[in-house]
Structures are given as structure tokens and as C-alpha cells.
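Reader: Hello! I am new to this structure and would love a close look at a single part of it.

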Amino acid sequence: MFVTTMDSDLWEKVLYPENEFRRQLIDPVMSTALPESQIPEQVSAAVKAFMTADLSHALIELLEKIVLQNSAFSGNFNLQNLLVLTAIKADPSSAMDYINRLDNFDGAVGEAVNVLLDNLWTIDRSVEFAFQVEEDAVWSQVAKAQLREGLVSDTIESFIRAEDSTQFLEVIKTAEDAEEYNDLVSYLLMVRQKNKEPKVDSELTYAYARIDRLGEIEEFILMPYVANLPNVGDRLYDDALCEAAKIVFAFISNWIKLAVTLVKLKQFQGAVDAARKANSSKTWKEVCFACVDAEEFLLARICGLNVIVQVDDLEEVIEFYHNRGCFNELISLMESGLGLERAHMGIFTELGVLYARYRYEKLMEHIKLFSTWLKIPKLIRACDEQQHWKEFTYLCVQYDEFDSAATTIMNHSPEAWDHMQFKDLIVKVASVELYYKAVHFYLQEHPDLINDILNVHALRVDHTRVVDIMWKAGHIRLIKLYMVAVQSNNVSAVNEALSGIYVEEDYDRLHESIDLHDNFDQIGLAQKGKKRVFCILPLCLLRYHRPDVALELAWMNNMIDFAFPYLLQFIREYTGKVDELIKHKIETQNEEKTKEKEEKENMNAQLLPLALPAPPMPGMGGGGYAPQITPPMGERGYGPPTTPLWVIWGCHQCPLLACLQWVEVVPTDRLIQRRKFCCKINRRN
């Protein structure tokens, strides 16, 4: 009755939860009344009452009888949807069965899929359902569920079927984590049709590279794109996808990255070409080092020439070659760098260091040719380390380190010494001690040249110290020429040393030395020469000493006989001086008399009358005055003697003291000529 009346209040009372007869009333309605009803409004009112009373399970049973059985309302669209929705809410486990059995519903598809995925956890059944309904929304729901489960390939396939590009960021990340790049390419191509995103184009380029589809990359970048190719190229390079990176870098003209990419690909010629276009010192250096490691030394030299012109990079290049033992190649590189327009001092200096270490035969020539282009202190250290003393000395001279140069020559003379060079060098040293060190050096190693080296710096050395050095060494005779050259300075030590030599070998030179140079120890010299010297010594020193001193010394040393020539000489000189004085006095008197006579004659001539004849001229007869002739002094018994003096000279050739030697002494302007007549040849009494 309440079915036919369709009264909602009555249905509410019947279905009231406190109604103890509710179940008894529901069963007949569900079993017979409604399934047999032909009026849609009756069925709708009943269903609405069941829904209001929240009798979901009872409603499901009712709808099963109405929809699934052969009733007038089996194909009703609304009732089928209501059944599915009610089952989804009240009994999800039976919802899929209803979905599979029903064929005229759609409003519940989305919720049905959610029920399958969220409650039943049946992705496979959801996929089956999606294939049945073939709706984008269903495939999107399925794809999202698959994405959560990490089913990358299935996810991408579902998104492609759904043509859903909204989740591309999550899909890209998941696909890259799983390295499913083939599927990702398909998905990104679909997404790219819907969205113009730089991320999509960039990831598509990268995905192409990962599956080695380089041709597609070349085609892709030739078309309009929004990809961030610089970032893509860097990413490809970092992931060692160098072939793809090469394509990208070449397309965007990133020559620096292209050069290093080609290096990794072992394409060194292309890397050099790219580095030339990049024109970056860092790039040149990277390519150069890679070529060295690959033993491509010709290409390495091309790159290296562009690196070594940078002062800051030169040391790094040299160290790199050194660490790999490529010494000859490094020398070739540096030699090539000498002719560069931008060549600097570092190149010339480092090449010199390399020569010092590995090509010694070229070192001196290099130093002489490029001395003004060298950092001399650094090269000096290199020569010192390698013990190239000749080159070390040359560099010290160029750097005005004369003391170091001279010291090195003397310490390493077998290699460094050259007499002419040392002569030029020794006069420039600042330390005076080096002069005397040079004297010792020449005395030990080159005694035949010692006079030459002493004469060079004669103006700066202490002659007394030099003589003392030679006396102590016992080779005073070696520097005889030097002492003769400097004797004009009248240094006592030099005079005495020469006198000591002359005493034994040359009395004439001894006489000359003593006569011209008075600064010496006379007593000491006399003691050295003994009797042979004592005879001539007073004669030479006559103008310097009083005769009484000489005679006293002779008498005290029992040599009065040997001093007799000196006495005679003194008397001769003294007499000559007296004669000169007398002569001068007589001449003065004669001049005065002549002058007085002339004055007197002039006075008389003035007193005579003018008529008186002039006195006759001499030789013409008549009166007059004859000139007085003064006889020469020699005829008067005084003046210089016209005959030589003879003195007694002790003969050292005869064993008998009585055997004497006559010496003819002829005074000639303060010097004495001696002519000896030995007793064995011509004895005089």
C-alpha cells in the first residue's frame, strides 16, 4: 500500500530505525512489490526512501532485483548508475562486479576507478576497466596510480592514452631515475604538442642523447625549439655523452666546451681548431696537456705556443712536461717560442734553465745571444745547481757580481779559468782581499803568469803585503818583473827584495837600485852582501850619508880596506867641488877686472880731445892693449884630474888576501865606471 501511495512520510515511518516491523515490511517490497512494479515513480520514491534512511545494503539488494533481473527497469541508465554508486559507497568489493555486469552507466566511471584503485588496490583491474571505457579521465587516474607505484613504462603509456601532460615533471623525474629514456622520448613528444616548455625540449634532447639517437638531436635543434641548449650541453658533457655534447656545443658555437669535448673524444685536431676559435688561455692549456698525454706533440706545441706567452701559465706548462718526462719536447716548444711576437723574458730564462739541465752544449751560446732577455739571478742558480761554472761566471759578470765571478773562477779553475777573462775581471772586484787570494791562486796554479796578473791590479794592492806573501811562499824571484815595475813607488819591501836578488846576481842593477831608491834597510842590505856589497854601498849612498858615518861603520865592522874606494870617491868629489868654486871665483874676478878696464877706457876716451887720433887696432901696429890669457886650471895645479884614479878592490877570485885587484875609477857625472884588472890577468904595483 505505501508503495503505491508513494508517500514519503509513510516511507519514513516504515523505514524508521525504531520500527520493530521494519524488516518485515522491507522484504516483501524488495522481493515482489518493486521488481514487479511498472511505474517509474513508485520505484523512484522507494529508492529515494531507502537512500534517505541510509539503508545502503538494502538499497543494493533492491537495485540488484530491479536492474540485474528481467524487470521493466533493467536497462535504466539512472538505476544502473545508482547501483554502482551505492555499491562503491556501501560495498566496494562488489562494485567492480556491478561495473563488469552493467552496460548502461557512465556517471560513476571516475568514482568507480577510484574505488578500484583506492580501496581494492587492483591496478590491473583498473587497466582492464580503462580499456573497457576508453576514457581519458580513467586513463589519467590509472596513470597516476601507476606513477605512484613506479611503473614507469605503464605510467607513460597510460598518460599517452589519456593525452595528459599535466604531470610531466613527475614523469620526467621518475623516468630518468629508472633510466627509461625510450618511453620518456615518446611521452615528451606527446607533451611537446601540448606545451612549449624549455624543460620539455631540454629533457627531450637529453633523452635522445641517452638512447644514442644523435640524428634526431641534429634534426630537433634545426627546428624551432625552446630548449636550454647550453645547460643541456653541460649536462651531456658531465655525463660523458660527448658525441651528443659535441653536436650541441658546435651548434651553439661554444668553442671552449667544444674543444674540451673533442679532447675527451680523442679528436685532437678538431680540439686544436676549436681552441683556436675560442682563443682562451685556459682552453689552449687543457688541449695542450691532453695532446701531451696522448703523445701528440706537434699539436701540443701548437697549443703550447699560445700558452707560454702568458707569464702566469708558463711555470704550469713546464711542470706538466717535466712530470711526464717530456724534456726534449719541452725544449722544442720553448725554442719555438723564442720567435714569437709576444715572447717574454720568462721564455728565454726557462729555456736557459732547460739547457743547463739537459742540453749543456747549447747553454753558453744561448746566454751570449740573449743575455739582455734573461732573468740572470734565476739562471745563475740553475748553473750553480748543475755546476756549470764557466757559464756561472759569465752570468755573474753580466749581472755585475764581479766578486762572485772571481771567487768561482778561483774555486773551480779547471772549468772556469781563462787568463784574459780573469785579468779583465779582477780589476772590477770590490773586495780587496780577492786581490791577495788571486796572488795565492796564481802562485799555486799559474806561477808563470803571476807577474802579468799583479801588474793588472798593481795600483790597488799593497806591495808590501804582496812581497810578504811571496817571501813566505819562498818564491820571491817569481815576481821580480812586477817589483821592477812598481819600484818607482819607492816601497821599502820592494826595494829590499830587489836588492836581495841583485846582491846575488847583478851588482850593476844593485848599484842602480840603491842609487835611485833610498827607502830600504841599508844596514840589513850591507849585512846580506857582506864585503862584496859594502864596497859599493857607500859610493852609492854618498849623497845621503856623512862620510864619517860610513867610515865609522867600516871601522866597526873591520872593513876599512873595503871602504877605501868610498873615501877616494868622496875626496874626488869634494876636490871637484872645491875646484869648481875656485874656477867660478877666478872667472868672476876676471869679469870684474875686464868690466873695470872697459869702464876706465871709456872714461879716458871721453877726456881726450876730438882731434887726437884713435889708438891703433890690435895687429896693425902701434900702441894698444893685448888681452890677458888665463892659463887653464889644470896647468896651475888644481881643477879636475885628467887621469883616472886607481883604488884597491878586494879580489874574491884569489885565495890569498894579499892578492889585490886594481880598479880604475873614473867619475862621470855622479856615476862611477869601474874597470877591473884581476891580479891573474894584469897585476899593477
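Reader: In what kind of crossing, left-handed or right-handed, does α30 pass α31?

Author: Happy to help! This is a predicted model, in which local features need pLDDT of at least 70 and side-chain atom pairs count only at pLDDT 80 or more, while totals for chains, interfaces and linings use all residues. Residues are numbered from 1 along each chain as its sequence is written, and side-chain values use heavy atoms, leaving out hydrogens and water.

The crossing of α30 with α31 is left-handed, meaning that the near helix is turned anticlockwise from the far one by less than a right angle. Helices here are DSSP runs of H or I with at least four residues, numbered from the N terminus. Helix α30 covers residues 419–426 and helix α31 residues 433–445; their axes come within 12 Å and cross at roughly 160°. That makes α30 roughly antiparallel to α31, a label for angles over 145 degrees. The axes are lines fitted to C-alpha atoms over the stretch in contact, with angles from 0 to 180 degrees between N-to-C directions.

Now for the side that α30 turns to its partner: His419, Phe422 and Ile426 meet Leu434, Tyr435, Ala438 and Tyr442 of α31, where contact means heavy atoms within 4.5 Å. By class, six of these residues are nonpolar, one is polar and none is charged; Ala, Val, Leu, Ile, Met, Phe, Trp, Tyr, Cys and Pro count as nonpolar, Asp, Glu, Lys and Arg as charged, and the others, Gly among them, as polar.

One more residue joins the picture. His457 touches Ile426 and Tyr435, not counting residues up to four places away in sequence. His457 sits in the loop between α32 (450–456) and α33 (463–473).

Note on methods
Helices (H or I, at least four residues) and strands (E, at least two) are DSSP runs, numbered from the N terminus. Angles under 35 degrees count as roughly parallel, over 145 as roughly antiparallel, 65 to 115 as roughly perpendicular and the rest as oblique.
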